[in-house]
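User: I'd like a close look at one aromatic side chain and the contacts that go with it. Please keep it chatty, but spell out your cut-offs.

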Amino acid sequence: MASTIESGSGKDIIVVDEADLGKIDVVELPNAEVTEIAVNSAIKGLELGLSGEKDVAIAGARLKDTKISNEAPKGETVNVTLAVTKAANLEFTTTGKAATELSVAEGKFLNSSITTAKGKAEDSISFGASSTIKGAFISLGKGRDTLTFSGRMKGKTTVESGKGRDLIEVNSKDRGKGKLVLSDFNKKDTLVVGDETFTTKNLDEAPSWVKFEA
């Protein structure tokens, strides 16, 4: 049976299996507009509905089959930091037109997906130097979005950047052997790999591990 935990803002929804209630703690950080969700041991099926009223930091042990939903209204931003040892089959979705600032600061991000608002919200997705991404799917909207990879990459990560003027950066010092598939890269978009910049005018000069699909 699932149980609902009230966050400090009173508007965020945290749903967890009743048997797993002791595996997480919800902490309101003093002097900061941040709600921290501390994952004390591996948990499956955690669900978060976020209002954007406070930033949210999720840290600790492994997550599996987690669902995070950006439910903020248009004009607001949901700011989430993920710093767990491993997140597998995580699904981040956006129900409305709010912007997303999502940082996967560390840990493994495996077979997971991120979908931001379909409208013109300006989103920022980043993977920190201590992160590893594998088999992910990222879909951005029509806004001026930024997507940054600073950690290791394994397998294939697919990005739908949308119709906006987007910036995709890969600045990893130890990128790994993964492939990056840009499925709808267009003349408005820019890819930066280290010190090199690529647009539709010089795609043939891009690294071989970047694939462009029409």
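Which does Phe 185 count as by relative accessibility, buried or exposed?

Analyst: Phe 185 counts as buried, at 12% relative accessibility; the scale here is under 20% relative accessible area for buried, over 50% for exposed and partly exposed in between, with a 1.4 Å probe and protein chains only. A quick word on the ground rules: this is a predicted model, where local features need pLDDT of at least 70, side-chain atom pairs count only at pLDDT 80 or more, and totals for chains, interfaces and linings use all residues. Residues are numbered from 1 along each chain as its sequence is written, and side-chain values use heavy atoms, with hydrogens and water left out.

Now for the rings. The structure holds three aromatic pairs, where rings of Phe, Tyr and Trp (its six-membered ring) pair if their centres lie within 6.5 Å, planes under 30 degrees apart being stacked, over 60 edge-to-face and the rest tilted. Take Phe 109 and Phe 127: with ring centres 5.5 Å apart and planes at 65°, that pair is edge-to-face. Phe 109 sits in strand β12 and Phe 127 in strand β14 (residues 124-134), so their contact ties together parts 18 residues apart in sequence; strands here are DSSP runs (E, at least two residues), numbered from the N terminus. Both Phe 109 and Phe 127 are buried.

Back to your residue: Phe 185 and Phe 212 also make an edge-to-face pair, 5.4 Å centre to centre with 65° between the planes. That contact links distant parts of the chain, with Phe 185 in the loop between β20 and β21 (190-193) and Phe 212 in strand β23 (residues 210-212), 27 residues apart. Phe 212 is partly exposed, with a relative accessible area of 28%. Elsewhere, Phe 109 and Phe 127 join Phe 149 in one aromatic cluster.

Another ring has a charge for company: Arg 175 lies over the face of Trp 209, 3.9 Å from the ring centre. To count, NZ of Lys or CZ of Arg must be within 6 Å of the ring centre and within 35 degrees of the ring normal.

Phe 109 turns up again in the lining of the largest cavity, alongside Ile 68, Val 80, Leu 82, Leu 90, Phe 92, Leu 102 and Val 104. Here β10 (77-88) and β12 (99-110) are the elements that give two or more residues, and β12 has the largest share, with three. A cavity is a set of points on a 1 Å grid over the protein atoms alone where a 1.4 Å probe fits but cannot get out, and lining residues have an atom within 4 Å of a point. About 40 Å³ of space lies in this one.

Finally, the charged pairs: there are three salt bridges, meaning a side-chain nitrogen of Lys or Arg within 4 Å of a carboxyl oxygen of Asp or Glu. One of them brings together Asp 174 and Arg 152 at 2.7 Å, N to O. Asp 174 lies in the loop between β19 (167-170) and β20 (179-182) and Arg 152 in strand β17 (residues 152-154), so they tie together parts 22 residues apart in sequence. Asp 174 is partly exposed at 46% relative accessible area, and Arg 152 is partly exposed too, at 31%. In another, Asp 20 meets Lys 23, with the closest N and O atoms 3.1 Å apart; Asp 20 is buried at 11%, whereas Lys 23 is partly exposed at 25%.

Technical notes
On a 1 Å grid over the protein atoms alone, a cavity is a set of points where a 1.4 Å probe fits but cannot get out, and a pocket is an open set with protein on both sides within 12 Å along at least five of seven lines; lining residues have an atom within 4 Å of a point. Grid points are joined across faces, edges and corners, and a volume is the space filled by probe spheres set on the points. Helices (H or I, at least four residues) and strands (E, at least two) are DSSP runs, numbered from the N terminus.
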